[in-house]
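Q: Got a minute to go through this model with me? Let's begin with the inside and work outwards.

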Amino acid sequence: MFGVGSRMTAHFAKLGMYTIGEVARTPLPQLKQKFRARFGKQSDIHAEVMWRTANGLDDSPVTPGTFDTPPKSIGHMMTLPRDYAESSEVNTILMELTEEVCRDCRRKGYMASIVTVSCMCSPFDAPTGFSRQMKMPDPTNHTGTVFQVVKQLFYKFWDTMPVRRAGVMLSQFVDDETYQLTLFEDQVKARELEKVTDSIKDRFGNAAIVRASSLTTAGQAKVRSLKIGGHYK
């Protein structure tokens, strides 16, 4: 359910509710009372949001053209099934996240100038982490180029504690038809190669073609391909 993570799930359990249906069937005044008892007097709005979400109610007006304006950022975050302490395992996840984000940018026709990397380390009750960004020399949506910046950022700020959540985000977009040619890499060839791999995934699914590192025990690409919004299809 949107807006309900592990912490809110635990709160609902304390209130005796374990499914979306149980939240939906609870009369709103009763749910507000429960929220007040657990969160305090100022929790009525939160209770109503949860109740309306559970019941599939939304009175917001439909706004045509909402998605016509360029997004401010495109990102992906992953909560890992276990602690990742080895650099090789962390690199696998960073590459998978980078690949997803860059593919989204290519699909929408954007190149980005700014990379943001975020991380949360175990233990959950006293986590450490960071969120840092860096401006790239030229806008790009090339996975390999972005990945080098992602790694640079991550290892500059990682405190070596086991990683439990990681995220990669791109922002400050330009149209992907305008790009700077360089003497040191064949950008046209790289763009064509990524178009081919993107088309294979679009036709046969995200797991139709994956990197070898994603086939290791650290890889999550195949598992994520079976999910929508973090939940199994």
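Q: How many cavities of 30 Å³ or more does the structure hold?
A: The structure holds 1. A cavity here is a set of points, on a 1 Å grid over the protein atoms alone, where a 1.4 Å probe fits but cannot get out. This is a predicted model: local features need pLDDT of at least 70, side-chain atom pairs count only at pLDDT 80 or more, and totals for chains, interfaces and linings use all residues. Residues are numbered from 1 along each chain as its sequence is written, and side-chain values use heavy atoms, with hydrogens and water left out.

Q: How much space lies in the largest cavity?
A: About 30 Å³. The volume is the space filled by probe spheres set on the points, with grid points joined across faces, edges and corners.

Q: Which residues line the largest cavity?
A: L80, Y84, V90, I93, L94, V163 and A166 (lining means an atom within 4 Å of a point). Strand 1 (73-84), helix 5 (87-108) and strand 4 (163-175) each give two or more residues to that lining. Helices (H or I, at least four residues) and strands (E, at least two) are DSSP runs, numbered from the N terminus.

Q: Which element gives the largest share of the lining?
A: Helix 5, with 3 residues.

Q: How does the lining divide into nonpolar, polar and charged?
A: 7 nonpolar, no polar and no charged. Ala, Val, Leu, Ile, Met, Phe, Trp, Tyr, Cys and Pro count as nonpolar, Asp, Glu, Lys and Arg as charged, and the others, Gly among them, as polar.

Q: On to the sheet. What is the strand order?
A: 1-4-2-3, in an open sheet of 4 strands with antiparallel pairing. Two strands pair if DSSP finds at least two bridges between them. Strand 1 and strand 3 (128-140) are the edges, each pairing on one side only.

Q: How many bridges join strand 2 to strand 3?
A: 9, and the two strands run antiparallel. As one example, I114 has K135 in strand 3 as its bridge partner.

Q: Which strands does helix 5 lie across?
A: Strand 1, strand 2 and strand 4, in contact (heavy atoms within 4.5 Å). Helix 5 runs at about 160° to strand 1. Axes are lines fitted to C-alpha atoms, for helices over the stretch in contact, and angles run from 0 to 180 degrees between N-to-C directions.

Q: And where is confidence lowest?
A: In strand 6 (residues 231-232), at a mean pLDDT of 56 (the predictor's confidence in each residue, from 0 to 100). Where pLDDT is low, the predicted coordinates should not be read in detail.

Note on methods: On a 1 Å grid over the protein atoms alone, a cavity is a set of points where a 1.4 Å probe fits but cannot get out, and a pocket is an open set with protein on both sides within 12 Å along at least five of seven lines; lining residues have an atom within 4 Å of a point.
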